[in-house]
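Subject: Structure handover

Hi there,

Here is the structure I promised to pass on to you. Please have a look at it first, and then read on for my notes.

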Amino acid sequence: MKPDNSDLRFDITNSAHETLSQELAILLPTCAEEQDPGQNISRHKTDLHIEGGRQLKGEITLKTSKNAAVALLCASLLNHGVTRFLEFPRIEEVFRIIEVLRSLGVRVEWTDNSTIEIRRPESLQLNNINNRSAKATRSVLMLIGALMHENDDFKIPCAGGCELGQRTVGPHVDALAEFGVHVSRKGNVYRVAVDKRSPGEVTLHEAGNTVTNNILLAAARTPEETVIQAASADYMVQDLCFFLQGLGVDIEGIGTPLLRIKGLNRIEKGIAYAATEDPIEAMFFIAVAVTTNSEITIRRLPFRWISLELLKLKKMGLRYTIARTFKASNGHIDLADLIVHRHEGSLKALPDKIHPNLWPGINPDSLPYFVPIAAVAEGHTFIHDWMFEGRAVHFREMAKLGVDIELADSHRLYVRGPTKFHKPEGELVCPPALRPASVLLIGLLAASGVSVMRNVYTIHRGYEDIAARLSSLGARVREISDNE
Ligand SMILES: CC(=O)N[C@H]1[C@@H](OP(=O)(O)OP(=O)(O)OC[C@H]2O[C@@H](n3ccc(=O)[nH]c3=O)[C@H](O)[C@@H]2O)O[C@H](CO)[C@@H](O)[C@@H]1O
Ligand SMILES: C=C(OP(=O)(O)O)C(=O)O
């Protein structure tokens, strides 16, 4: 839907923003329709060439997560000292946020292949923000929580990100208002006016990940105690909390829906922090192993963050071994090496529905990987993707690869396996959403024959060097240009 400033729903600069109702907040859209899909600023070739139907073998080491990385980059603005992030993922989404930080005058350097060093100037050039890079992400919303402490009037471009149906920014607007931060939308920008105050307690009306992180950034430089109720306890929130603790912010309740934060007026600290490996990338590789009936070792898995997913897989009959456990480099999170064994066609559909939930439920970003996994299992699987308004429709693309999939409505789908994956007729265009796009790639790996997937920017947003890493397992995947 096009933004229309004559319509109250899309323009909260009038008096409505003072008492933004839940109804209005929910209707306030992000600007996905305005976003640059990012393809033109990608550092990768546009397309993937896949020779599928091969059994894979070997081991893969997980990278740290996109979703923690983007929060950490925004959080680095809170610190006037030098921030170093170790084991950082080299993914398109990270490149976009780095471009935004640089446009504000921040020095960001890769000091080796996976370490970045960030030095912010005393004051930032907020009028110079790189709109193109910013609006290719949803994470740009977290700049508000980071910038509100030293700037009382600024603008940021409307958020983009994966196209999964309408994704409200209402919870951000409402919770920031408790800190005296008033966000209004004019055309394609959010205008932020700050008259900072300490809210004491803030209840989020959605326990979202990005909103929790935004409010953590707001609380981290608010010296009085802030209690966040109905917070997300998910992995990227935990990573941000550990980093903020390293900066000296007092946080209790990490991993629970109730966070108590005592912030600092100013932060000037040299810090090095290594984010945790990505549980969702692990689900991607588990689904790759299952659909190609391969034995793959996945190294450095934060297994507690997908323990329910692993339990469901076990109930389906998947055999796996947790080979050793140890701590992540940040010293906080338990990791394990996981060997996924070949199932030889023995998986059975789960009798109960599979649906996502806030952690420790099945992660909303893990859910899509149950589509190709269910396609391999014998029987009917009911998948209920209730969280996103428009994600389930993307899974229908799997029908082009031979998956028996029925969309009952925009949230409910039925998958009937087992599937003999086949290559699609013609080329596939990548859906503009990371997890559904990567699910399609998994299907192409399982399908015999040569296929081409066009415009794969969205996969490079979240997964590093995916063609080379899949190739290291014996897959035949390579990046090609749109004229090849
Ligand atoms: C940068 C980042 O971390 N992005 C993640 C974050 O996005 P983010 O936190 O931005 O997710 P959204 O705020 O868009 O929430 C996702 C959807 O779930 C709905 N919702 C959310 C919480 C809730 O309590 N009730 C509810 O209905 C929202 O209305 C929306 O439709 O979380 C999503 C859901 O895990 C993930 O897919 C994204 O990868
Ligand atoms: C929905 C996702 O990303 P974003 O929140 O950045 O759009 C995702 O990573 O699956």
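Let me start with a question: which residues does Ile144 touch, not counting residues up to four places away in sequence? They are Ile156, Leu176, Val181, Val183, Val192 and Asn214. Please bear in mind throughout that this is a predicted model.

**The core**

Ile144 also turns up in a wider setting. Together with Leu72 and Leu240, Ile144 is among the residues with the most contacts inside the largest nonpolar core, which has 153 residues. Helix 9 gives the largest share of this core, ten residues. Both domain 1 and domain 2 contribute, with at least three residues drawn from each. As background, nonpolar side chains tend to be buried together in soluble globular proteins.

**The two domains**

The domain assignment splits the chain into domain 1 (39–63 + 277–480) and domain 2 (65–274). Their C-alpha centres lie 29 Å apart. Where they meet, domain 1 puts 27 residues into the contact and domain 2 puts in 25 residues. On the side of domain 1 that touches domain 2, helix 9 and helix 14 (457–462) are the elements that give two or more residues. Helix 14 supplies the largest share of that side, four residues. Sorted by class, this side of domain 1 has 13 nonpolar, seven polar and seven charged residues.

**Two helices to look at**

Helix 9 covers residues 279–291, and its 13 residues should span 18 Å at 1.5 Å a residue; the end C-alpha atoms are 18 Å apart, which agrees. Because 13 of its 13 residues are buried, helix 9 is largely enclosed by the rest of the structure. After helix 9 comes Asn293, which has a positive phi, near 50°.

Helix 7 has twelve residues and reaches 16 Å from its first C-alpha to its last, close to the 16 Å expected. Helix 7 is mostly covered too, with twelve of its twelve residues buried. Among these buried residues is Asn214, which you met above as a residue that Ile144 touches.

**The ligands**

Where does ligand 1 lie with respect to the domains? Domain 1 and domain 2 both give residues to the shell around ligand 1, so this ligand lies between them. The shell holds 17 residues, the closest being Asn67, Arg167, Gly208, Thr210 and Pro364. Helix 2 (66–75) and helix 7 (209–220) each supply at least two residues of it. By class, the residues around ligand 1 are six nonpolar, six polar and five charged.

Ligand 2 lies between the two domains as well, because both of them give residues to its shell. The residues surrounding ligand 2 are Arg138, Ser139, Gly161, Cys162, Leu164, Asp365, Leu434, Arg435 and Gly462. They divide into three nonpolar, three polar and three charged.

**A loop glycine**

Finally, is Gly253 buried or partly exposed? Gly253 has 15 C-beta neighbours inside 10 Å, so Gly253 counts as partly exposed. Gly253 sits in the loop between strand 11 (250–252) and strand 12 (258–262). Leaving aside residues up to four places away in sequence, Gly253 touches Leu258, Leu259 and Arg260. Gln229 is 24 residues from Gly253 along the chain, and the C-alpha atoms of the two are separated by 11 Å.

Happy to talk it over whenever suits you.

Best wishes

Note on methods
Residues are numbered from 1 along each chain as its sequence is written. Chains are lettered from A and ligands numbered from 1 in the order in which they are written. This is a predicted model: local features need pLDDT of at least 70, side-chain atom pairs count only at pLDDT 80 or more; totals for chains, interfaces and linings use all residues. The expected span of a helix is 1.5 Å times one less than its number of residues. A residue is buried if 20 or more other C-beta atoms lie within 10 Å of its own, exposed if 12 or fewer, and partly exposed in between; C-beta atoms are placed from the backbone. A residue is near a molecule or strand if its C-beta atom, placed from the backbone, lies within 6 Å of it. Ala, Val, Leu, Ile, Met, Phe, Trp, Tyr, Cys and Pro count as nonpolar, Asp, Glu, Lys and Arg as charged, and the others, Gly among them, as polar. Domain bounds come from an automatic or database domain assignment. Two residues are in contact if their C-beta atoms, placed from the backbone, lie within 7 Å. A nonpolar core is a set of buried Ala, Val, Leu, Ile, Met, Phe, Trp, Tyr and Cys residues joined through C-beta atoms within 7 Å.
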